[in-house]
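Subject: Structure handover

Hello,

Here is the structure we spoke about. Please have it open while you read the notes.

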Amino acid sequence: MTADVSGPVLLTGASGFIGTALLPVLAARYGDRRIVAAGGRSRPARLPEGVEGAVLDLNDPRGVRDLIGGLAPSTVIHLAALSSVQQSAVDPISVWSANMLSVVGLVQAVQAARPDALFVHASSAEVYGQSFLSGEPLTEDAPLQPGNPYARSKAACEMVLRDIHRPDGRLVILRTFNHIGPGQDERFVAATFAAQIARIESGVAEPMIRVGDLSAERDFGDIQDLVEAYDAILAHAGDFPPVSVFNVCSGVTRPVAELLATLKGMARTPVEIEVDPARLRPQGIPRAAGSCAALTAATGWRPKVPFETSLERILDAWRAR
């Protein structure tokens, strides 16, 4: 049976980094459908024309049932999560509650209202964990060996979704690698470097960036490419098997040092780099490489935005602040 993806669309986590970037694309592409953008504590601000805002507390079962029952979405894009690895180490209970425990009630409500719904779940490449130690670009068949509470919560969520999935619908799991772009907060490396440079340029900070280990190699994709990946998934989901898993990445790994050096080269004033011993921590995964070949084969999607363009956009956004 082919999933019916012609009805209402629900986006959770609509106020976050990815949700904010994705909403205009949904509004432009699916304006003939009812689109509801849900935030966890308040309605998302500055919604595109034609998009409705809603509050969806995933820890409130009755509220979840009421919203899903009234909307009966044929497409659910589930972005809502606590995404900080550092925060997960400090408060694992909150991360497990937000990322795994609450999703069961959400899926049950969706299945009760629309058994044939398409459910697109934002997982993370963090689920691969120790498998990255091979050094080779990982495909979706690589073993899941998560190494922190955030990653374990995401891996567990994938498993429970598989177990409770109904075969008359569609489940798509996206394992996203590092993505960067304007609007990302300073917990993430590109944003924190760009923000510091912007402050240095404006004269409110000394011309020094203090850093830790810069040797780790990561795959830094652009938020625009990620949004287009979601768009491609929605366009082709009716052709997918009941359960699909895709990596979303650029296919290129770079040391964090290259990211910083590129941003430094874009600075309008001299910037010095100083290694702070207090910031040096053991690097468990020296290289995290992935392959997006499966997503390309299934949808034709390919990453397009040059790395330097991504960094220029981030730096310009921080300058505008």
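Below is what was found in it, taken one region at a time.

Please keep in mind that this is a predicted model.

**The core**

Start inside. The largest nonpolar core has 42 residues. Leu26, Ile77, Val120 and Tyr230 touch the most other members. Several elements each supply at least two residues of this core: strand E1 (9-12), helix H1 (17-29), E2, E5, strand E6 (170-176), helix H7 (223-236) and strand E10 (243-248). H7 gives the most, with 8 residues.

**Strand E4 and its partners**

Next, look at strand E4 (75-78). E4 pairs with E1 in the parallel sense, over 4 bridges. One link to find is Val9, whose bridge partner in E4 is Thr75. E4 is also joined to E5 by 4 bridges, and these two strands run parallel as well. Here Ile77 stands opposite Val120 in E5.

Which way do the E4 residues point? Thr75 and Ile77 point one way, while Val76 and His78 point the other. All four are buried.

Ile77 deserves a click. Leaving out residues up to four places away in sequence, Ile77 touches Leu10, Leu11, Thr12, Leu22, Leu26, Val120, Tyr230 and Leu234. Val120, Leu26 and Tyr230 are also among the core residues that touch the most other members.

**Ala122**

Stay with E5, which covers residues 118-124 and contains Ala122. Is Ala122 buried or exposed? Its relative accessibility is 9%, so Ala122 counts as buried. Residues up to four places away in sequence aside, Ala122 touches His78, Leu79, Lys154, Leu174 and Tyr230. Take the pair with Tyr230: 108 residues separate the two in sequence, yet their C-alpha atoms are 9.9 Å apart in space.

**Two residues with positive phi**

Two loop residues have a positive phi without being glycine. The first to look at is Ala72, with a phi of about 50°. Ala72 is found in the loop between helix H2 (61-71) and strand E4 (75-78). Its relative accessible area is 19%, and the cut-off for buried is under 20%, so Ala72 is buried.

The other is Arg46, with phi near 50°. Arg46 lies in the loop between strand E2 (35-39) and strand E3 (51-55). Arg46 has a relative accessible area of 81%; the cut-off for exposed is over 50%, so Arg46 is exposed.

**The second largest pocket**

Arg46 also helps to line the second largest pocket. The other lining residues are Ala14, Ser15, Thr20, Leu23, Pro24, Pro44, Ala45, Leu47 and Pro48. How much space lies in this pocket? About 190 Å³. By class, the lining has 7 nonpolar, 2 polar and 1 charged residues.

**Cavities**

Last, the enclosed spaces. Rolling a probe the size of a water molecule over the atoms shows where empty space is left. A search of the whole structure finds 2 cavities of 30 Å³ or more. The largest cavity holds about 120 Å³ of space. It is lined by 13 residues, and Val107, Gln111, Ala117, Phe119 and His165 lie nearest its centre. Helix H4 (92-113) and E6 each supply at least two residues of this lining. H4 gives the most, with 3 residues. The lining divides into 7 nonpolar, 3 polar and 3 charged residues.

Best wishes

Technical notes: Residues numbered from 1 in each chain as written. Predicted model: local features only at pLDDT ≥ 70, side-chain atom pairs only at ≥ 80, totals over all residues. Heavy atoms only, no water. 1 Å grid on protein atoms, 1.4 Å probe; cavity = no way out; pocket = protein on both sides within 12 Å on 5 of 7 lines; lining within 4 Å. Points joined across faces, edges and corners; volume = space filled by probe spheres on them. Nonpolar A, V, L, I, M, F, W, Y, C, P; charged D, E, K, R; others polar. Buried < 20%, exposed > 50% of the residue type's maximum accessible area, 1.4 Å probe, protein only. Contact = heavy atoms within 4.5 Å. Core = buried A, V, L, I, M, F, W, Y, C linked by side-chain atoms within 4.5 Å. Pairing = 2+ DSSP bridges.
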